[in-house]
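Got your viewer ready? Load the model, and let's walk through it one selection at a time.

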Amino acid sequence: MLPIDPTKKISFTRHICDGDLVVVYERHDNMKAIKVCQGSVLQNRFGVFKHSDWIGKPFGSKVFSNKNGFVYLLAPTPELWTLVLSHRTQILYIADISFVIMYLEIVPGCMVLESGTGSGSLTTSLARAVAPTGHVYTFDFHEQRAASAREDFEKTGLSSLVTVGVRDIQGEGFPDEFSGLADSVFLDLPQPWLAIPSAGKMLKPDGVLCSFSPCIEQVQRACDSLRSNFTDIKTFEILLRTYEVREVKMDCSQGDEAKPGSILPRKRPQRAIEKGNEQDKLSSQTVMARPCSEAKGHTGYLTFARLKCLS
């Protein structure tokens with residue numbers, strides 16, 4: 001995930017080595033994470049790719065198969081890892097993740113507490129944000145899920161930045177050893193109001209908490225709990241709208257009657273040969289942008305609050 005050299009500096013400039021995790025980009029809607037192993041091969045519709053041909057190449061390389069098909073070998077950044085990881089639970093995506101990191105004011109060197117770990121989508125981005133000197137302590141009540149997340153962080157090179165614990169934060173709260181030390185706390189729990197009192201004890205003065213909830217009723221109860229020790233309480237819903245940009249043909253002969261973005265039928269006139277050149281002059285290419293028909297809807301509500309500084 002974050003190739004780290006002995007001086008703890010993050011770098012994607014080094015070359016692919018045996019045992020590295022790479023994201024194989026076949027097309028925009030088809031990517032997969034693969035561990036590079038000398039002697040192994042990848043077979044897909046583009047042919048057979050030998051892992052031995054990948055070793056020594058820099059991330060971002062275009063590699064060819066025995067059929068002259070090709071794929072790209074990409075570094076498993078948090079953005080790409082979010083798209084290819086195994087979904088053990090519902091995950092946060094890039095729009096929510098970027099907003100969380102900004103509003104939690106996470107910078108290199110921060111200590112962040114997270115519950116629950118789930119599939120580890122957010123955790124990988126938190127780790128990059130606190131690197132190289134910070135740390136993320138993440139907890140999940142489900143032992144097998146925590147073990148799987150721990151394995152993923154080993155594969156992606158994050159084990160020095162992330163510690164995974166098995167703990168029921170709703171019932172037991174965060175460990176006392178972190179009391180007053182956390183810069184930020186993130187909660188992704190079905191009953192976040194049960195963990196808010198403990199989270200308040202873990203935060204430094206003026207520290208920030210975020211709670212992610214899919215239902216507005218959870219937000220209401222969480223906010224009621226936050227009002228006793230927190231201030232600046234805000235809730236957001238992030239809705240992402242993407243646009244499609246492409247070239248279309250415009251029929252200039254229609255003048256003002258032609259609507260921008262409409263693709264007019266191109267029937268051949270009766271005297272196609274004689275009038276072909278004239279017809280080409282009356283039409284032109286233009287670039288149009290419009291919202292994609294499949295827009296992503298509601299994911300969840302993000303509630304932020306700042307711990308009160310008590311004199």
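Start with a rule for rings: those of Phe, Tyr and Trp (its six-membered ring) pair if their centres lie within 6.5 Å, and planes under 30 degrees apart count as stacked, over 60 as edge-to-face and the rest as tilted. By this rule there are 12 aromatic pairs. Keep in mind that this is a predicted model, in which local features need pLDDT of at least 70, side-chain atom pairs count only at pLDDT 80 or more, and totals for chains, interfaces and linings use all residues. Residues are numbered from 1 along each chain as its sequence is written, and side-chain values use heavy atoms, with hydrogens and water left out.

**The whole chain**

Colour by pLDDT, the predictor's confidence in each residue, from 0 to 100. The protein chain averages 87, with 85% of its residues at 70 or more. Go to residues 1–10 and you'll find pLDDT under 50 throughout. For that stretch the model has 32 contacts beyond four places in sequence, where contact means heavy atoms within 4.5 Å.

Now switch to cartoon. You should see eight helices and 15 strands; helices (H or I, at least four residues) and strands (E, at least two) are DSSP runs, numbered from the N terminus. Of the 311 residues in the protein chain, 42% are buried. Buried means under 20% relative accessible area, exposed over 50%, and partly exposed in between (1.4 Å probe, protein chains only). Take the contacts between residues at least 6 apart in sequence: 64% of them join residues at least 24 apart.

**The aromatic cluster**

Select Tyr 25, Phe 64, Phe 70 and Tyr 72, which ring pairs link into a cluster. Zoom in on Tyr 25 and Tyr 72: their ring centres are 6.2 Å apart and their planes sit at 70°, so this pair is edge-to-face. Tyr 25 belongs to strand 1 (residues 21–27) and Tyr 72 to strand 6 (residues 70–74), so the pair ties together parts that are 47 residues apart in sequence. Both tyrosines are partly exposed, Tyr 25 at 27% and Tyr 72 at 30%.

Add Lys 62 to the view. Lys 62 lies over the face of Phe 70, at 4.0 Å from the ring centre. A charge sits over a ring if NZ of Lys or CZ of Arg is within 6 Å of the ring centre and within 35 degrees of the ring normal.

**Helix 7**

Next, pick helix 7 (residues 216–226) and look down its axis. Which of its residues are buried? They are Gln 218, Val 219, Ala 222, Cys 223, Ser 225 and Leu 226. These fall within an arc of 155°, so they line one face of the helix; the arc is that of the directions from the helix axis to the C-beta atoms. Turn to the other side and you'll meet Glu 217 and Asp 224, both exposed. To see what covers the buried residues, show helix 6 (196–202), strand 11 (203–213), strand 12 (230–237) and strand 15 (301–307), which are included in that cover.

**Salt bridges**

Time for charges. A salt bridge is a side-chain nitrogen of Lys or Arg within 4 Å of a carboxyl oxygen of Asp or Glu, and the whole structure has 14 of them.

- Arg 27 and Asp 29: their side chains meet at 2.5 Å, N to O. Arg 27 is partly exposed, at 36%.
- Arg 290 and Glu 244: the closest N and O atoms are 3.3 Å apart. This pair links distant parts of the chain, with Arg 290 in strand 14 (residues 283–291) and Glu 244 in strand 13 (residues 243–251), 46 residues apart.
- Arg 167 and Glu 172: the N to O distance is 3.9 Å.
- Arg 88, Asp 152 and Lys 155: salt bridges link these into a network.

**Backbone oddities**

Last stop, the backbone. Most residues other than glycine have a negative phi, and most peptide bonds are trans. Select Ser 115 and Gly 116: the peptide bond between them is cis, with omega near -5°. Gly 116 is in the loop between strand 7 (111–115) and helix 3 (121–130). Then try Ala 131 to Pro 132, another cis bond, with omega near 5°.

Where is there a positive phi in a residue other than glycine? Glu 105 has one, near 60°, in the loop between helix 2 (94–103) and strand 7. Asp 232 also has a positive phi, about 55°, and its place is in strand 12.
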